[in-house]
Amino acid sequence: MAHRRASVGAALLALAAVAAHAHPLAPALLELREAAAGRVEVSWKTSALQAPGAPVTPRLPAECRALSAPVVAADGDALIGSWAVDCGAAGLVGRAVGVDGLEAARIDALVRVTLADGRVVRGVVRAGTPLFVVPAREAPGAILRAYVGIGVAHILGGLDHLLFVAGLLMLVPTRRLLIETVTAFTVGHSVTLSLAVLDLVRLPSAPIELCIALSVFWLAVELARDPGERPSLVRRKPWLMAGAFGLLHGLGFASALQEVGLPAGDVPLALFAFNLGIELGQLTFVAAWLTAAALLRRAPVRWPDRLQPLPLCAMGALAAFWCFERAAALLR
């Protein structure tokens, strides 16, 4: 049992390190809003923590000329630049927009275009495909691919969500209970994600992010309890706790999706695709965790007893740091 816990703990540290390294910067967001007489309002959002020598810049159609100088404002860890351009009476449909510098910055960028008739189109640009041609209307297949990709990127880039799932994997002793627990977490966050995106539930994002950090810390404390103690309700019925905290994490997913936006007329499809991406990313992480744990258990190494508490200490320390950081942001 000690060998099993040490193996799983080592898997936690390895996967957490990979996740942390894979998420240094958030995707950039280029938002274009058509107004009357060819005027287009531009919003360009990037991380304030850009890698030195790797600037990312928006690329607009050559026909567009600037009407105002960019005004840059700070929003937490992001910088948002706003200005206006004149793209002529033909507007943006059929023209290419995109982002330069993605390969050096090693990030993707979201493009969201609100057309003059109120329709919203969007796409994801990457290092290999830095341009996005604005279509008259998004095809269902394009919406499905784009939002599945956004969902996968969000869950795999969210270390707090991944650590919570990792904690669930460490908590449950049997395969059946694991399936029940992960399913309860999935159902919980799917419910609140849908309710929040459809504007049936509206809560500020800052307290939600703080509560998500608290949920990770609470789970770390529960995992650190002496196995010889009388099993708590969480140990006996982990699916109950997973479902309850899943409701909380779903509100966090909704905040990310609302920031990206949903296509007018295709909200159900985009919501389904984003949630599908979340589940695919979550299953990928669970599969990676179980594979790494199995390989470590077979390794001809006995981990020293003094190293066994290290993974939970790391998990609890990270969660505590997030709690203080998000509480400070909330107080500001």
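Strand 1 and strand 2 (residues 39-47) run side by side in the antiparallel sense, joined over six bridges. This is a predicted model, and the pairing of these strands is a handy place to start reading it. The two strands make a hairpin with four residues between them, and within this hairpin A37 takes a positive phi near 60°. Strand 1 also has a partner in strand 8 (residues 109-114), this time in the parallel sense, again over six bridges. L29 shows both pairings: K45 stands opposite L29 in strand 2, while L110 is opposite L29 in strand 8. As for how covered strand 1 (residues 28-34) is, six of its seven residues turn out to be buried. As a general point, side chains in a regular strand alternate between the two faces of the sheet.

Next come the cysteines. The count of disulfides comes to one, and the pair in question is C64 and C87, with sulfur atoms 1.9 Å apart. That fits comfortably with the cut-off, which asks for sulfur atoms within 2.5 Å. The link ties together distant parts of the chain, 23 residues apart: C64 sits in the loop between strand 3 (57-59) and strand 4 (65-66), and C87 in the loop between strand 6 (78-86) and strand 7 (96-100). The torsion about the S-S bond of C64 and C87 is about 110°, so this disulfide is right-handed. Both C64 and C87 are buried.

What about C211 and C323? C211 is in no disulfide, and the nearest cysteine sulfur, that of C323, is 9.2 Å away. Likewise, C323 is in no disulfide, with the sulfur of C211 as its nearest cysteine sulfur at 9.2 Å. Their surroundings can be told from relative accessibility: C211, at 32%, counts as partly exposed, whereas C323, at 12%, counts as buried. The cut-off at work here is that buried means under 20%.

Finally, there is a pair of packed helices to look at. In general, such a pair is described by the angle between the axes and the distance between the axes. The axes of helix 4 (residues 159-171) and helix 5 (residues 175-197) come within 10 Å and cross at roughly 155°. That angle makes helix 4 roughly antiparallel to helix 5, since angles over 145 degrees count as such. The crossing of the two helices is right-handed. On the side of helix 4, the contact involves F164, V165, L168 and L169, which meet L178, T181 and F185 in helix 5.

Terms used:
Residues are numbered from 1 along each chain as its sequence is written. This is a predicted model: local features need pLDDT of at least 70, side-chain atom pairs count only at pLDDT 80 or more; totals for chains, interfaces and linings use all residues. Side-chain values use heavy atoms; hydrogens and water are left out. Buried means under 20% relative accessible area, exposed over 50%, partly exposed in between (1.4 Å probe, protein chains only). Two strands pair if DSSP finds at least two bridges between them. Axes are lines fitted to C-alpha atoms, for helices over the stretch in contact, and angles run from 0 to 180 degrees between N-to-C directions. Angles under 35 degrees count as roughly parallel, over 145 as roughly antiparallel, 65 to 115 as roughly perpendicular and the rest as oblique. A crossing is left-handed if the near helix is turned anticlockwise from the far one by less than a right angle, and right-handed if clockwise. Contact means heavy atoms within 4.5 Å.
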